[in-house]
Structure formats: structure tokens, C-alpha cells
Amino acid sequence: MSQQGPLVVVASREHQPSVTSLPDLNIVPVVDVDWSEALKAVEQLQPAAVFVTTTEGAGAAFDSLASQVAAMQPYTPLIVADPITPSPDNALPYSSSNGGFDRLGARLKAALRVRTLHTTVLRRLASNPAAPIRQPDNDPIQDATVLLIGRGAAYPALSVVFGERLGVVGALSIEAAAKHLNARNFDGVIIGEGFTPRVVDALLTVLAEDTRFRNLPIVVATGNLVATYDLPNLEVMSDEPAHIASAFLPLVRQHAFEARLYRTLKSLDAGGLLDPRTGLLTVDAFHRELSTAINQTQSQGGRLSVARFSLDQKQERLLFDAARILSRLMRRMDFGTLENDGSIIVAFPDVEPRNANMIARRLSSVMKHTAHSTKHALRIDPYVALTASRPNDSAKSLLVRLNDEARSAAS
């Protein structure tokens, strides 16, 4: 993979590795520096990535380096071998005792793909400054949702410590986990206690063989793995839940950032009609599309059904999460938007009200069971209102009737 700078390797002088220790990375040049030179080297060289082989002897320089790298554009991965906890938000963990340098190349290349994607987005935005694209500027972890699989004693603690930072979808069995993986996108998978090594091996093998999940951050929170897997962001961490979360969250944040970049590219490809935060149409684009769809329906003598999903919670992270679930599950001919009042409206062209009701109920069920608030005890329970176009309808009259149906459903 091409890159726009060297790999800077940072360590104390006593633990300075030779560049010959990294022969399988196929990345040149590799520049070795100690902690006294690290900040200046990164500023001058503008590396494509930074690898910290040990934080021993770093002192306050480690946090300064992490802050410096986090501010760089485009995204610059910071990979840290055996990071201390709590770790900086952008310190991607790397367990040197689990496979030595064998897995470092895959971890680094996966991170560099995110850098390349970010470079592409920045270039596309710069070449089209008039595009109505609003890049989210909040922490990507606020968009993230992880799948927690387990049923052992550590499950509640893992659920709480991750649930304090991001969305958590729980699964007590492998079968339930498979359903969740097929229903929505995740930014990480935590495999806890309660499964035999054979079951964990089978699960990791399936994840490695499916291109949808191969680059997912995955942590096995108990035991050791004997086999190796084609999973560049796999970590084994037998530690306290708080330490596992601190070390694992940077990988989750990177994946959430990558997903955000993909949505931004899709929005650019659609001429700014898609909201990069949700994957649905922007509000203005939706209303224009709805007017066009109604006119076509009236001229062709068909029906158009519209559903409104009203969530009983108005947390921004939760609303965007639910909207992204719908954007993935909708049929290609359907279109929807996240309204300013927090409701999600989806139009189903050429669908009778009875069939639209069945589709809307299924979508609502998926949201209810897979979209979670930042407060772990709370779950969403969408109110679903449905209406269909009439011969003399306009977009405005249809939406007014839909809003009346929504108020009736809520009461």
C-alpha cells in the first residue's frame, strides 16, 4: 500500500529496535528515534504512521506525542505496543507478546487504509468546496456501537464499562450474535466468558472468512488463543473490564471514524443529498423526492405509503444510530430522512398500506432490539405511524396526515 510518509518508530534509547526487526512490513523508509527526538521527528517528517515499541522511559512525552499525532491531517495512526492504561484516545493497542511482529504488518496496513480513505475525503471536499456536505466534528466514539457476546460473571461489568462510553448490544449466545451482526453495523466485538475455546475458535474463523467483518476490532476478554486468524484488529486481553475498555476503545474509535468517512464519500457521490451522519437523505432532499414520488404515483395510478418512527428518547447519538440502522435495512427503492424533531420518516413507493405496515413493524423491531442509548438501562421503543397517498395528496398534506397519525399512536 502506498503511503505519503515514513513509519516513525519510537522507543527509549535502551530499547531502541533495529529497523531489521520489522522486515515483513514492506514499508520504507522506517525511521528509528528515541523519546528525546520523537516530537521533533514527527513534526519534521510528517509520518504516515507512528509505532511506539515501548512507553518505558517516555514520561510525559507519551501524552504529548499522542496529542501531536491526533492533531495531524490526514489521519495518522499511532500504534502502541503494550500500552499503559488509561491510554490516550488514539493509542491503537498492539500486544507484542501475542505473535511478536507477525501481526504488526496487518494492524498497520488496516490503519493506513483509514488514512488513505481520509485523504480521499479531504481531496474530494477540497475539489468541490460548494458541496453541501457537513463533516461531523464530534468524537467518532459517539457514533460507535459494539456487540458484547458472553454470559459469564464479567458480562455485567463489561456491559457497564463500555455502555458508559458508547452503544452496547448484548448477545448471550452465538446464535443471537449472528442475528445482530446481520441486522446492523458494529464498530467492535467483545467476546467475554461463557464459551469453550472451540466455540470461540469457530466464531473467529467465521468472522475472518467474511469480508464484512474482517477488519472489525475484536477483543477476546478471557483466555489465550492458540490459533492465528486473518483479523488485523484482534486483541486478547485478560484484564479488568476498565483496562480492557481503555485499551480497546481506540480501535473502536478508528473503525467508527472509518465508517463516518465512507458515509461522507457516499454523500459526495450523491451530490450532497445524503446526510453523512445517518446515510439517509437530507431533510430538504427527502421533501423534494417525496413530492416527485407523489406526482409519479398519481400519474401512474399506484400507491405510496409513508411511515414515521417516533423515538421516546431524543439523545443525538441514539437518533443517528437508529437512522443508520434504517438506512442499512431499507429496500433500495425506499427513501427516508431524520427530521429536525427527531422522528424518522421513510417512504415506500408502490407499497400498499398493509404491506407497508408489515415492513415498518419489522424495521421497528430491529431498532428496538439493536439500538441502545448511552445509558445502558434505557432502550428505545419507537411509535410507528403509517399513512398512504390519496389521489389529491401533496407532500405537505400527506405529512400533515402522517403527523396526526403519529400523535394518535403516541397517545
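Which residues in H3 meet which residues in H7? In this predicted model, the H3 side of the contact is made up of Arg-107, Ala-111, Val-114, Leu-117, His-118, Thr-120, Val-121, Arg-124 and Leu-125. Facing them from H7 are Leu-251, Gln-254, Phe-257, Glu-258, Leu-261, Tyr-262, Thr-264, Leu-265, Leu-268 and Asp-269. Sorted by class, the contact of H3 with H7 comes out at 11 nonpolar, 4 polar and 4 charged residues.

As for the geometry, two packed helices are described by the angle between their axes and the distance between the axes. Here, H3 (residues 104–127) and H7 (residues 241–269) pack at an angle of about 35 degrees, and their axes lie 10 Å apart. The crossing of H3 past H7 is left-handed.

H7 turns up again in the nonpolar interior. The largest nonpolar core counts 45 residues, and Phe-51, Phe-162, Leu-166, Ile-190 and Phe-248 have the most contacts inside it. Strands S1 (7–10), S3 (49–52), S4 (78–81), S5 (91–94) and S6 (145–149) each give two or more residues to this core, as do helices H3, H4 (155–163) and H7. The biggest giver is H7, with 12 residues. For a look at one of the well-connected members, take Phe-162: setting aside neighbours within four places in sequence, Phe-162 is in contact with Val-168, Ile-190, Ile-244, Ala-245, Phe-248 and Leu-249. A second core, separate from the one just described, has 24 residues, among them Leu-280, Ala-322, Met-330 and Val-346.

The backbone has a few oddities worth a glance. Most residues other than glycine have a negative phi, and most peptide bonds are trans. Against that background, the peptide bond from Gln-73 to Pro-74 is cis, with omega near 0 degrees. Pro-74 sits in the loop between helix H2 (61–70) and S4.

Positive phi values also crop up. Gln-46, in the loop between helix H1 (35–45) and S3, has a phi near 45 degrees, which is positive although the residue is not glycine. With a relative accessible area of 40%, Gln-46 is partly exposed. On the other side of S4 from the Pro-74 loop, the loop between S4 and S5 holds Asp-82. Its phi is near 50 degrees, again a positive value in a residue other than glycine. Asp-82 counts as partly exposed because its relative accessibility is 40%, between the 20% limit for buried and the 50% limit for exposed.

Terms used. Residues numbered from 1 in each chain as written. Predicted model: local features only at pLDDT ≥ 70, side-chain atom pairs only at ≥ 80, totals over all residues. Heavy atoms only, no water. Axes fitted to C-alpha atoms, helices over the stretch in contact; angles between N-to-C directions. Helix = DSSP H or I, 4+ residues; strand = E, 2+ residues; numbered from the N terminus. Left-handed = near helix turned anticlockwise from the far one by under 90°. Contact = heavy atoms within 4.5 Å. Nonpolar A, V, L, I, M, F, W, Y, C, P; charged D, E, K, R; others polar. Core = buried A, V, L, I, M, F, W, Y, C linked by side-chain atoms within 4.5 Å. Buried < 20%, exposed > 50% of the residue type's maximum accessible area, 1.4 Å probe, protein only.
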